[in-house]
Amino acid sequence: YIESSGRPFCDQLEVLFPEHQANTRAALEFEDQKKRTYFHSPLFTGTSQALVWLHQRRLKSVVSSNNSQALVDAYVEQASIAFDLVLGWRPNFSKGEDHFRCIEQTFDVDRSDMVFVGDSLHDGDRALAAGIDFIAKVGTFTPEAFRDRLPGTQVITNLLELQALIP
């Protein structure tokens, strides 16, 4: 599970149980259950304040999620938080390269000017493979896990810590 965390659940199942006949059904059941519990998940500590800080600095904020686009849009709306762009999963469009290309095109920005803050080892792998700076957010993974897998990675526990890391 740890090695597949950060990927869409249907992809995680294929990593854990390659070509198993129950994967599709299990993924559908998981997504159905998630719809009932997703809106009870709290924002990361410091999210609202960090977004204000980014906005004041005229920096763009983007959500990049493996949850469905509709689910992420609904969550952001319910939480009344303002991101400049919200990207979720849909067929042939997922976190990683697809989202990075979209951000480049939407904001006419170079990857060297992007920072990806993620909470999974897979997020770090995606960012570094794409030439994007990565900051790890502690949660599922410990600071040590991030540093072991991604040496030299900055690690935060609260999104307000971005103020000290982003020029």
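Q: Which residue does arginine 101 form a salt bridge with, at 2.9 Å between the closest N and O atoms?
A: Arginine 101 forms that salt bridge with aspartate 98. The term stands for a side-chain nitrogen of Lys or Arg within 4 Å of a carboxyl oxygen of Asp or Glu.

Q: How far apart are arginine 101 and aspartate 98 in helix 5?
A: They are three residues apart, which is about one helical turn. Helices here are DSSP runs of H or I with at least four residues, strands are runs of E with at least two, and both are numbered from the N terminus.

Q: Which residues end up in one network through salt bridges that share partners?
A: Glu97, Asp98, Arg101, Glu104 and Arg111 are joined that way.

Q: Before we go on, what kind of model is this?
A: It's a predicted model, where local features need pLDDT of at least 70 and side-chain atom pairs count only at pLDDT 80 or more, while totals for chains, interfaces and linings use all residues. Residues are numbered from 1 along each chain as its sequence is written, and side-chain values use heavy atoms, with hydrogens and water left out.

Q: OK, back to the network. What does glutamate 97 do with arginine 101?
A: Their side chains meet in a salt bridge, 3.4 Å from N to O. Both residues sit in helix 5, four residues apart, or about one turn of the helix.

Q: And what about glutamate 97 and arginine 111?
A: Those side chains meet in a salt bridge too, at 2.4 Å from N to O. This pair links distant parts of the chain, since glutamate 97 is in helix 5 and arginine 111 is in the loop between helix 5 and strand 3, 14 residues away.

Q: Is arginine 111 buried or exposed?
A: Arginine 111 is buried, with a relative accessible area of 14%. Buried means under 20%, exposed means over 50%, and partly exposed is in between, using a 1.4 Å probe and protein chains only. Glutamate 97 is partly exposed at 35%, and arginine 101 is partly exposed at 36%.

Q: How many salt bridges are there by this rule?
A: The count comes to eight.

Q: Why would such side chains pair at all?
A: In general, side chains of opposite charge can pair when their charged atoms come close.

Q: New topic: what order do the three strands of the open sheet come in?
A: The order is 3-4-5, with parallel pairing. Two strands count as paired if DSSP finds at least two bridges between them.

Q: Which strands stand at the edges?
A: Strand 3 (115–118) and strand 5 (154–156) do, each with a single partner strand, so one side of each has no neighbour in the sheet. Neighbouring strands of this sheet are turned by 25 degrees against each other on average, direction ignored.

Q: How many bridges do strand 3 and strand 4 pair over?
A: Strand 3 and strand 4 (residues 133–137) pair over four bridges, in the parallel sense. Phenylalanine 116 has phenylalanine 134 in strand 4 as its bridge partner, and glycine 118 stands opposite alanine 136 in strand 4.

Q: Which residues are on the covered face of strand 3?
A: Phe116 and Gly118 make up the covered face, while Val115 and Val117 are on the uncovered one.

Q: What lies across strand 3 and strand 4?
A: Helix 6 (residues 121–129) does, running at about 170 degrees to strand 4. Contact means heavy atoms within 4.5 Å. Axes are lines fitted to C-alpha atoms, for helices over the stretch in contact, and angles between N-to-C directions run from 0 to 180 degrees.

Q: Where is serine 112?
A: Serine 112 is in the loop between helix 5 and strand 3, and it is exposed at 55% relative accessibility. The C-alpha atoms of serine 112 and aspartate 133 are separated by 7.5 Å, though the two residues are 21 apart along the chain.

Q: What's the sign of phi in arginine 58?
A: Phi of arginine 58 is positive, near 60 degrees, in a residue other than glycine. Arginine 58 sits in the loop between helix 3 (47–56) and strand 1 (62–68), and it is exposed at 75%.

Q: And phi of asparagine 92? What is its value?
A: Phi of asparagine 92 is near 65 degrees, also a positive value in a residue other than glycine. Asparagine 92 is in the loop between strand 2 (85–89) and helix 5 (97–107).
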